[in-house]
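Me: I'd like to walk through this model with you, one question at a time. Shall we start with what the record says and then move on to the geometry?

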Amino acid sequence: MAFEAHFERTIRSEIELSGIGLHSGAPVSMRLVPAPAGSGIVFRRTDLDNFEIPAIGRNVAKVSYATSLMRQSVLISTTEHLLSALIGFGVDNVIVEVDNLEVPILDGSALPYVQAFHSVGLKQQRRKREYIRILKEIEVRDGSKFIGVYPGSGYRIEYTIDFPQPIGYEKFTGDLATGDYVKLIAPARTFGFKEDEAMLRDMGLIRGVSDESAIILSRRGVENGPLRFEDEFVRHKVLDLIGDLALAGRRIQGRVVAERAGHAMHTALVQRLMRDRSAWELAHGYDEVAEVETAPIRLQHASA
């Protein structure tokens, strides 16, 4: 399936998925619908008279353990994995219909989404894709946590994490312009520590978590292995970052560096970038891979 790299794309036909919300535990049905060129990514709450919430920075709600969007008090939560898959796979325009307040967690990664995109294929549209070309650095710091975006070719990401054991220190460097998102990032699952479960449930979170939707960690190690990558934890943080930065409204051309960051810092960077119009310009492309794979996606498990 060959494409011109710099034209917008949408999915060829509708996609239906269902599951439960990671934090709400509520059942949810979701339908992805092809959208016209220039539409962007728009969430539609079918349970609330089809109320629409565009996936853009000014609609970001308060974020901590997930990225939520809000418009006129209407919420859509845990959007980051789907947004990451759309950006990583090169889907520019789509309407996301959901019948509850949270996107389904599925297996905790972006893999089910990219597999669905594979199954229906993408349609090239007539509008040229616009990119946010970074012209000067923008940085956000919070103690030892840091994230910054800098001028550069492609869409390069360097992410470092340092969690308590059994995770420890991990670093990943990659470039979305190489077309490796599907193999290197999409399969990486969300994760959590078993010792935090009671606290998070008391906060009204992770009510929908299971061994099938997240990597569960204890002091002894991974409870539900094997891992899909030896460094799956940092790869999932990269997955989250790509989804959160999608809220800039376009794919970035530049270099992103993050150290021990998270959803709140990712979205703070988006908002700071959007406020400083001198930090970027719209460009019609860079030399990204122009081919979308159609071969089956095979997972290679690492030892836990």
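Me: Where does UniProt place the feature "active site"?

Reply: Happy to help, and please keep in mind that this is a predicted model. The annotation comes from an unreviewed UniProt entry. That entry places the feature "active site" at H263.

Me: Is H263 buried or exposed?

Reply: H263 lies in helix α6, which covers residues 263-275. Buried means under 20% relative accessible area. H263 has a value of 8%, so it counts as buried.

Me: With which side chain does the side chain of H263 make a polar contact?

Reply: Leaving aside neighbours within four places in sequence, H263 is in contact with several residues, including Y65, E80, D240 and D244. One of these pairs is a polar contact between side chains, at 2.8 Å. The partner there is the side chain of D244.

Me: E80 is one of the residues in contact with H263; how many residues of helix α1 (residues 80-89) are buried?

Reply: Helix α1 is mostly covered. Its buried residues include E80, H81, L82 and F89. The helix also lies across β3, β4 and β8, running at about 145° to β4. The count of buried residues in α1 is 10 of 10.

Me: In what order do the strands of the open sheet run?

Reply: The sheet has 5 strands and its pairing is mixed. Its edge strands are β2 (15-20) and β5 (51-54), each pairing on one side only. Neighbouring strands are turned by 25° against each other on average, direction ignored. The order is β2-β3-β8-β4-β5.

Me: Which residue in β8 stands opposite R44?

Reply: Strand β4 (residues 41-45) pairs with strand β8 (residues 94-98) in the parallel sense, over 5 bridges. Within β8, the residue opposite R44 is E97.

Me: What is the relative accessibility of D49, a residue with positive phi?

Reply: Most residues other than glycine have a negative phi. D49 has a phi near 55°, and its place is in the loop between β4 and β5. D49 counts as exposed, with a relative accessibility of 78%.

Me: Which residue does a cis peptide bond join to G225?

Reply: Most peptide bonds are trans. Here omega is about 5°, and the second residue of the pair is placed in the loop between β17 (221-222) and α5 (232-245). The residue joined to G225 is P226.

Methods: Residues numbered from 1 in each chain as written. Predicted model: local features only at pLDDT ≥ 70, side-chain atom pairs only at ≥ 80, totals over all residues. Heavy atoms only, no water. UniProt positions renumbered as here; feature names shortened; annotations may be inferred. Helix = DSSP H or I, 4+ residues; strand = E, 2+ residues; numbered from the N terminus. Buried < 20%, exposed > 50% of the residue type's maximum accessible area, 1.4 Å probe, protein only. Contact = heavy atoms within 4.5 Å. Polar contact = N/O pair within 3.5 Å; in protein donor to acceptor, adjacent residues only side chain to side chain. Pairing = 2+ DSSP bridges. Axes fitted to C-alpha atoms, helices over the stretch in contact; angles between N-to-C directions.
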